Amino acid sequence: MKYILLMNTMKVGDDGMGKWPKKDQQAHIAYWNTLNKELAESGELVVVEGLAFPDQAKLVRARKDGTPATDGVFPESKEFLAGYWIVDVETPDRAYVIAARASAAPGPGGAPLNMPIEVRPVMMSMRPDELL
Amino acid sequence: MTNELLNLDPRSEHMLRELAPQVLGAVIRRFQDFATAEDAVQEALMAAVVQWPREGVPDNPRGWLIHVASRRMTDHVRTEMARRRRESELALEAVTATEWTAIETAPEEDDTLVLLFMCCHPALTLASAIALTLRAVGGLTTAEIAHAFLVPEATIAQRISRAKQSIKESGIPFQLPTSEERAQRLRALLHVLYLIFNEGYTSSAGPHLQRGDLSREAMRLTRIVHALQPDDAEVIGLLALILLTDARRLARAGTEGELITLAQQDRALWDRQQIAEGVALLSAALPKGSIGPYQLQAAIAAVHDEAARAENTDWPQILALYELLKRMSDNPMVMLNHAIAAAMVHGPSKGLELLRALDSDARLSNHHRLDAVRAHLLEMAGDCDGAVKHYRTAASKTLSLPERNYLLMQGARLSGVDGQE
């Protein structure tokens, strides 16, 4: 069963680890690299993607004629998606274990950030070649 | 999932897939290294796909494949340790000394069953066992398996390499299990084949209700096991179950991939030939004595398949079969199906009473099937509001998109929001 692990941590104006000491940034990056490598090696990783900072986000709605109307950043939003993993695991508990690993990524001073990670089952997957 | 084999005519493709485990067995016997032999045979199969359409199928395809795989094998092994190198050169001499056309046409020994037992060893995780079985015995490429499971190729490659690692670490010998462990190992083997079939028949997650390629592959592999173990009642049971279930494949989904329940299916679309074959297998298996869960599930599928119309279904017989199955397994899904059968025989209140006993079962508490069955039985009992509520709860819990759509539509139909009822 596939699960998506959604990491909602960013806030508008957030520059991620920008203000952390360099060694804490390095430890943080190394932690992600290790986790991702382990998931690839266990044959559970389907995809991992990290998203640009929220300043790059645009809110799009269709105008009456169907053309896109874009809005800038939205300071009212408390949280933004920072990135996600899709893993293919045998039990939901395994997905929770992976999410807990992601949650415990080290922050400033090496203390675990304990970020909330939303875990949801993936209900459908499609690939372009299936639709052509 | 046959992209790599597109150039090959179906008969050659079939032959290649049939030969894959035999060739692998021969190469393992020669080189005593499962993991590398498996890679070498994959390369030989790919070479055949490229060369055969161009140069024609060789007179002795099995010998050709063994020859090519052995050559790849020595290439692989050459790059390894010195000890390995000495062994491989001895083996290479053995191959080159014999012209490949002279390699025996008939296998000395059919290694397919040995391979299946190895790939489905309980020491492997299920995901690894499934991937390795499809590649080493099914002759599918990593890309084809990845495509069938909708995951990246590297993910499947990693599962296969972990499976090989587990085999190596557990020291699983290349031989049939001993008689003491045979029953447990056969159960594990059949379980892997059953999971492959199920993945294809009811894609655990996906817009399509069924991925026929995987079900067909599971059927082909189960046929092979049956040919090698024709007297085993549970092997017969699984093959019959697959045939009798898969027979309804075309009727099971509508044009938009929507789920069509057994009662609503157009039975003219059912594959009569497959049903006849499944029923014949079951009838032949009965005198063989011991009855196992696969046989019972197949018998239930047969009762459904033999009803010309849904209302002709012999529910008392199905109920009796579920009573037997319940005694044999502690599977909560069996309890749920038993409740449905009881409702069909004794009325919905009997079924609802049985469901109440399942409410405390932790394995079902968050499972959509309990709500879906309850909704169905409440509808039978005339409790529309209760049925709508449970159809919607079931819809929110299911992990299958076609099933969610089906359950939401049942709720809509009964609540009258679509203005039809």
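## A first look at chain B and its partner

Let's start with how chain B is wired: among its contacts between residues at least 6 apart in sequence, 63% join residues at least 24 apart. A contact here means that the C-beta atoms of two residues, placed from the backbone, lie within 7 Å. What you have is a predicted model, in which local features need pLDDT of at least 70 and side-chain atom pairs count only at pLDDT 80 or more, while totals for chains, interfaces and linings use all residues. Residues are numbered from 1 along each chain as its sequence is written, and chains are lettered from A and ligands numbered from 1 in the order in which they are written.

Chain B has 19 helices and zero strands. Those are DSSP runs numbered from the N terminus, with helices (H or I) of at least four residues and strands (E) of at least two. Of its 421 residues, 45% count as buried. Buried means that 20 or more other C-beta atoms lie within 10 Å of a residue's own; with 12 or fewer the residue is exposed, and in between it is partly exposed, with C-beta atoms placed from the backbone.

**Helices on the inside**

Take α5(B), residues 112–119: eight of its eight residues are buried, so this helix is largely enclosed by the rest of the structure. Among them are Thr112(B), Phe117(B) and Cys119(B).

Helix α16(B), residues 348–358, has two sides to its story. Its buried residues are Pro348(B), Gly351(B), Leu352(B), Leu354(B), Leu355(B) and Leu358(B). Down the helix axis they fall within an arc of 160°, so they line one face; the arc is that of the directions from the axis to the C-beta atoms. Their cover includes α15 (332–346) and α17 (368–380) of chain B. On the face turned away from the buried side sit the exposed residues Arg356(B) and Ala357(B).

**Helices packing on α8**

Two packed helices are described by the angle between their axes and the distance between the axes. Axes are lines fitted to C-alpha atoms, for helices over the stretch in contact, and angles run from 0 to 180 degrees between N-to-C directions.

| Helix pair | Angle | Axis distance |
|---|---|---|
| α2(B) (34–55) and α8(B) (153–170) | about 150° | 9 Å |
| α6(B) (126–137) and α8(B) | roughly 100° | within 8 Å |

That second angle makes α6(B) roughly perpendicular to α8(B) (65 to 115 degrees counts as such). Residues making this contact include Leu132(B) and Arg135(B) of α6(B) and Ile160(B) and Ala163(B) of α8(B). By class, there are seven nonpolar, two polar and three charged residues. Nonpolar covers Ala, Val, Leu, Ile, Met, Phe, Trp, Tyr, Cys and Pro, charged covers Asp, Glu, Lys and Arg, and the others, Gly among them, are polar.

In the other pair, Phe34(B), Ala35(B) and Glu38(B) of α2(B) meet Lys164(B), Ile167(B) and Lys168(B) of α8(B). That contact divides into three nonpolar, no polar and three charged residues.

**Two loop residues**

Glu256(B) is in the loop between α11 (233–246) and α12 (272–285) of chain B. It counts as exposed, with 8 C-beta neighbours inside 10 Å. Glu256(B) and Pro402(B) are 146 residues apart in sequence, yet 9.4 Å apart in space, C-alpha to C-alpha.

Arg363(B) is in the loop between α16 and α17 of chain B. With 13 C-beta neighbours inside 10 Å, Arg363(B) counts as partly exposed.

**Meeting chain A**

Finally, the partner: 16 residues of chain A are in contact with 18 residues of chain B. On chain A's side, the elements giving two or more residues are α1 (22–41) and β2 (45–50). The residues on that side divide into nine nonpolar, two polar and five charged.

Methods. Angles under 35 degrees count as roughly parallel, over 145 as roughly antiparallel, 65 to 115 as roughly perpendicular and the rest as oblique.
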